[in-house]
Amino acid sequence: MSGRGLDHLIEQNDTELGFLSAYGGGESPEELLSLIENVVCDEIKLEVVESGVKLNLDIDNPPLVPSDIKRRGFTDGELRKSGVTVTITDFGPEQKRFLDRLVEFIHGE
């Protein structure tokens with residue numbers, strides 16, 4: 001690479017692509033827990049695990065389909081008639097919508 005070099009390229013990308021952090025990603029499990037705790041209710045159980053935050057909700061017929069827990073930022077998901085378990089690995093708009101939907105369902109019953 002000629003001209004400005006790799007350091008300049010990295011510096012430029014840090015400056016120009018900082019807005020991407022608004023879409024989630026790169027949070028530590030503890031940071032994820034802090035973000036998620038601000039959105040959920042007491043019925044949703046959270047546990048910090050190595051890859052993120054494990055969410056468990058025991059509720060009949062959750063308002064979800066299997067693809068909801070197979071998107072980017074989710075792993076190890078299990079959808080049951082009696083609830084859902086999934087590990088959240090990133091926190092962005094999809095995860096926020098997912099959590100908001102669960103909270104609305106819980107409080108709407």
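This dialogue examines a predicted model and the reasons for the terms applied to it.

Student: What is the mean pLDDT of the chain, and how many of its residues reach 70 or more?

Tutor: The chain has a mean pLDDT of 85, and 76% of its residues reach 70 or more.

Student: Which elements of the chain have the lowest and the highest mean pLDDT?

Tutor: Helix α1, residues 6-16, has the lowest mean pLDDT, at 55. The highest mean, 98, belongs to strand β4, residues 83-88. Over residues 14-22 the pLDDT is below 50, and this stretch has 2 contacts in the model beyond near neighbours in sequence. Where pLDDT is low, predicted coordinates should not be read in detail.

Student: What makes β1 and β3 edge strands?

Tutor: Each of them pairs on one side only. The open sheet consists of 4 strands in the order β1-β2-β4-β3, with antiparallel pairing. The edge strands span residues 45-49 for β1 and 74-80 for β3. On average, and with direction ignored, neighbouring strands of this sheet are turned by 10° against each other.

Student: How do you know that β1 and β2 count as paired?

Tutor: Pairing requires at least two bridges between two strands. Because 5 bridges join β1 to strand β2, residues 52-58, the two strands meet that cut-off and count as paired. They run antiparallel, and L46 stands opposite L55 in β2.

Student: Which strands does helix α2 lie across, and which does helix α3 lie across?

Tutor: Helix α2, residues 29-37, lies across β1, β2 and β4, and runs at about 165° to β1. Helix α3, residues 93-108, lies across β2, β3 and β4, with an angle of about 25° to β2.

Student: Why is N61 called exposed?

Tutor: A residue is exposed when its relative accessible area is over 50%. The relative accessibility of N61 is 52%, therefore N61 counts as exposed. N61 is placed in the loop between β2 and β3.

Student: What is notable about the phi of N61?

Tutor: Most residues other than glycine have a negative phi. The phi of N61 is near 50°, a positive value in a residue other than glycine.

Student: Where is D76 found, and is D76 buried or exposed?

Tutor: D76 is found in strand β3. Its relative accessible area is 58%, and the cut-off is over 50%, so D76 is exposed. D76 also has a positive phi, of about 55°, although it is not a glycine.

Note on methods:
Residues numbered from 1 in each chain as written. Predicted model: local features only at pLDDT ≥ 70, side-chain atom pairs only at ≥ 80, totals over all residues. Heavy atoms only, no water. pLDDT = per-residue confidence, 0-100. Contact = heavy atoms within 4.5 Å. Axes fitted to C-alpha atoms, helices over the stretch in contact; angles between N-to-C directions. Buried < 20%, exposed > 50% of the residue type's maximum accessible area, 1.4 Å probe, protein only.
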